Amino acid sequence: MAQGHWLRGWVLAGLTGICCLNPACALDPSRYLSQYVHEKWGAERGFVGGAVYAIGQSADGYLWIGTERGLVRFDGSNFTLMQRPLPDGPPTGPVLGLVSDWQGGLWVRPEGQRLLLYRDGKFADAFALYGIDQTTFTAMAPDGSGGVLFCGLDNQGDHYRDGVFERIPHADQVPGTVLALAETRDGSIWMGTRDDGLFHISQRAPASVTTQLAGMKVNVLQPAANGGLWIGTDHGLYIWDGTEVGSGGLPRQVSQLQILAMMRDHDGNVWVGTDEGILRITAGGVVSLDLLHPGPDAGVNAIFEDRDGEIWYGGPRGIERLRDGMFATYTTTQGLPSDSNGAVYVDSDRRTWFAPLSGGLDWLQDGHVGRISVDGLADDVVYSISGGGGEIWVGRQRGGLTELRQSGDSWTARSYTQADGLAQDSVYSVHRDRDGTVWAGTVSGGISRLRDGVFTNFSTASGLASNTVNSIAEGQDGTEWFATPNGLEAFSNGRWTNRTAHDGLPSSNVKSIFEDSKHVLWIATSGGLAYFSSGRIGVPRNLPEPLREQIVGMAEDDLGYLWFVTSDHVLRVDRDMLLKNSLGEAGVRSYGIGDGLEGAEGVSRDRSVTSDAVGQIWISLDRGIAVADPKLTILNSQPATVRIDSMSAGGAPVDFRQMAEIAPGSRSITFNFAGTGLAAPDEVRFRYKLDGFDRNWSGIEASRQVTYTNLGPGTYRFRIIAADGEGLWNGPQTTVEFAIERAFWQTWWFTALCIAAGIAVLLAIYRLRMYQMTRRVSARFQERLAERTRIARDLHDTLLQGVLSASMQLDLAEDQLPEDSPAKQRLQRVLELLGQVTEEGRGTLRGLRTTDSDGVSLERVFSRIKQDLGNEDETGYRVIVQGTPMTVRPLIRDEVYRIGREAVVNALAHAQAKNVEVEVEYADKQLRIVVRDDGAGIDPQVLHGGREGHWGLSGMRERSEGIGATLRLRSRIGAGTEIELSVPGAVAFERHGHDAEPKWRRWLGREKPEAGSGQEEKRISK
């Protein structure tokens, strides 16, 4: 499946490349005019112009129509009457001429002394723009090099080319009023007059071409492809071949028509507007008259070929269009004996065989229709047609099975009936295998196989599930498949196999079968579509509604697409998507009257849909026989382009034709766009991307408007592409660039200012927080100091004095006891304990009453700890000072001292350390105390949870939290312990000299260095 999709992609890419090399393709000249898609617009369909006088197209894709009511613009969907193209000018009135130049300008010739130019989406007064004299122009036509020819009432001739107006020499010498202008390949200018015939201007004075046209009204001139000139008059069509004027071998009917308009398309076909309609003369001289219809409103005043090769023409009744559809349909109008036909088959000579439902057998080749009347075929109904190897096999309603062979210009027939061994004379389905074997499926008699002139019959008695056969197909592996009302029959290696709904079919009633180029057998049942591949039956899921109808025929084109004809639709389906159950809108194309069909109702006959050797699809419908060439349709398809109709910012229009500068604050940017192709605009799909905003292209969209909101400042590029109804994304991108200016709050300086303000606010919040913390801690410490002083005083005055008094009394009592008294030793022990308690109490009181009154620094009090403890062991103890000492707030110093003292005491008393070190670091941002030892370390469980009944570690943590400090404990068994305390500088230190500092400096918290603080100091106390 993937390989098929890859191959199809390469084929489409190749065809797309060819399309891009052909800027425009004319309508298929092999079709009858009546086979083109013919559309009309009058007042009932919104056409607002009335009678049509001229048709043109501008570079932006709009179709412009000059009418009796003024200038009308058509965008493919809507007609707009441009009553005042110039805002300050008068209404245009009737518009008589429209001509495009090579620069993309459209020249508009209103009635009277006016001439307008439309270019780049704007109208201008051509007289004022180019500084030429105002005159009433009576004729206007393109020259041979992209310029424009003009002629006025006074026969003043002007030639516009390369932005300059030049006078046409000797034009004012032409008699009469000039109604038509043309320039032939040799550079000669021709003028057709109202009453004086045709004149030729070269380097000499104008000369009358021939007396044959003298006195005739020349309405229109058209240069011929061979260098001659077509001449349209009130009395028919003439051609000047370089030497003389003649009828050019045209049918007599043409000489009786009034010629009102002419145009030569890209393929050299000449289209002629007459008082009875439109006709076409091909480059080979073939004249098509099938759209001529005499009548009062049949006149064609203007003809135009647009950039897609479509033909537009108009007259008193409005405007009409001819275009190639996917299909060309043959009906009785093109010579078929009947509009209702059944089976269809195309032989190796590209002769199309078809069987009218009313009976008979006919063929179509190169536009000619023939009938086969031998062997009673003209009076019998033909159900099915097959063939190969120069043979045509026909299944008949009553005449059995007939073989046709060509003999010169005639056909010979040989029929087989029951008398020859055929199972039944009513043959509904016939199929000729690649090896020449012929299978005939009858209405109710089973199946007959004809091989080497001998019939072999199969029926329910032979293993068939049904004697009725609806369709036959030959598999690539030689398996023969049969569709019956009781299931799908397979015949292989002499054995029959039946598959029904029990095997996975949607229904056992199989209507039609078809094997595609990938050897997938497609099965149409009364209950829906199925397929047989790799030995199993599959049923596609999520089918679109048209594929749920009864399928009456199937085929495949050269691009690998499947074609399905249902009771009411003609569909082209992407096979790979269908097999993968991913069939969406992009994978299904439905065709109708707008694509060249006369109707879309299928015919329930075997092989009502088939493909020929060149990949064309032939379909028999209730309204004729339709043929489609998908490759040719894609080849002739013009690249879809996009036109930006308008752009707005915040609802205000924006000029997008140049780099648009959009003011800041615009909350929405809206683009309105459309495809420039005028055929089937509703089928055009779009994809777009906004560079600078979108990462990827959008999905496939049908909407013709997109809005972007909340775009930031910057430069953007809007890109958009389109695909036509066939899904080809082969057109160029249309781009619009614009820039959104920055508001003052989006500038870099505003952003920098906001960042600076934010930093200032954060710093202010931080400073306020530090101030509040300092105030709170200071107040808490003052309260605690007062409480400690009171407790120390009370302990001294009560408990400690009482202990001393008791000690003195006991001392007196001990002196009075004899030396040999047993109580004397006990009293001495009590006195020792009381002395110890007294000394410990005095130490506690010293700690409680310690203040800053003595001005002792932290390093000094830390250096006395070992001495105060009376520790006389050999443990090494030292205090290290980092930085320049600064004054520490008394209460902070007390708390820091107690935390450090607890750490030192623990190290000296319990760690069994050989060395204990205290580091005091004074820094601007912090006061840092580190106590480290090389002792036994602390158990991790004790380090984190403490030891029951001991409060040293928990007390240290509580004290550090109380002053807003950070306490870190690091220890390992056998590797010593390190305790680090960090107090923020704003909390720890008293600042001096603030009054001399600028306020901004104090606010930012930058301390003024004291003398000697420029260099870090390090001292060691032992």
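This is a short tour of selections to make in your viewer, with a note on what you will find at each stop. The model you have open is predicted, and residues are numbered from 1 along each chain.

**Stop 1: a four-stranded sheet**

Start by selecting residues 37-41, which form β1, and residues 302-305, which form β26. These two strands belong to an open sheet of 4 strands. Reading across the sheet, the order is β1-β28-β27-β26, and the pairing is antiparallel. Why do β1 and β26 each have one side without a neighbour in the sheet? Both stand at the edges with a single partner strand, so one side of each is left open in this way. As you turn the view, look for the twist, which averages 20 degrees from one strand to the next.

Now add residues 311-315 for β27 and residues 318-323 for β28. This pair runs in the antiparallel sense and is joined over 5 bridges. To see one of the pairings, pick W312 and look across to its bridge partner in β28, R321.

**Stop 2: a salt bridge beside the sheet strands**

Stay with β28, residues 318-323, and show the side chains of E320 and R317. They meet in a salt bridge, with N and O 2.5 Å apart. Are the two partners buried or exposed? E320 is buried, at a relative accessible area of 3%, while R317 counts as partly exposed at 32%.

**Stop 3: the loop between β60 and β61**

Jump along the chain to β60 (668-675) and β61 (685-691), and select A680 in the loop between them. A680 is not a glycine, yet its phi is positive, at about 45 degrees. With 26% relative accessibility, A680 counts as partly exposed.

In that loop you can also select E683. Which residue does E683 reach in a salt bridge? The partner is R589, and the closest N and O atoms are 3.1 Å apart. R589 sits in strand β53 (residues 588-591), so select that strand too; the pair links distant parts of the chain, 94 residues apart. E683 counts as partly exposed at 30% relative accessibility, whereas R589 counts as buried at 10%.

**Stop 4: strand β62 and the loop after it**

Next, display β60 and β62 together: 5 bridges join them, and they run antiparallel. One of the pairings to look for is T670 with its partner in β62, T707.

Before looking at the side chains of β62, keep a simple pattern in mind. In a regular strand the side chains alternate between the two faces of the sheet. In β62, V706 and Y708 make up the covered face, while Q705, T707 and T709 make up the uncovered one. Colouring these two groups separately will help you tell the faces apart.

Now move on to N710, in the loop between β62 (705-709) and β63 (714-723). Like the alanine at the previous stop, this residue is worth a look for its backbone: N710 has a positive phi near 55 degrees and is not a glycine. N710 counts as exposed, at 52% relative accessibility.

**Stop 5: a nonpolar patch on the surface**

Select F744, W745, W748 and W749 and switch to a surface view. Together they make a nonpolar surface patch of about 570 Å². One of them, W748, lies in helix α6, which covers residues 748-816. W748 is exposed, with a relative accessible area of 70%.

**Stop 6: a salt-bridge network**

How many salt bridges does the structure hold? There are 42. For a group of them, select R878, E917, E919, E921, R928, R932, R968, R970, E978 and E980, which are linked in a network of salt bridges.

Within this group, zoom in on R932 and E978, whose side chains meet at 3.1 Å, N to O. R932 is in strand β67 (residues 926-933) and E978 is in strand β69 (residues 977-984), so the pair ties together parts 46 residues apart in sequence. R932 counts as partly exposed, at 23% relative accessibility.

**Last stop: the cysteines**

Finally, how many disulfides does a search of the whole structure find? The result is 0. Two cysteines to select are C151, which counts as buried at 0% relative accessibility, and C754, which is partly exposed with a relative accessible area of 40%.

Methods. Predicted model: local features only at pLDDT ≥ 70, side-chain atom pairs only at ≥ 80, totals over all residues. Heavy atoms only, no water. Pairing = 2+ DSSP bridges. Axes fitted to C-alpha atoms, helices over the stretch in contact; angles between N-to-C directions. Buried < 20%, exposed > 50% of the residue type's maximum accessible area, 1.4 Å probe, protein only. Patch = residues over 30% accessible without salt bridge, like charges linked within 9 Å, V, L, I, M, F, W, Y side chains within 5 Å. Areas by Shrake-Rupley, 256 points an atom, 1.4 Å probe, with all protein chains shown as cover. Salt bridge = Lys/Arg side-chain N within 4 Å of Asp/Glu carboxyl O. Disulfide = S-S within 2.5 Å.
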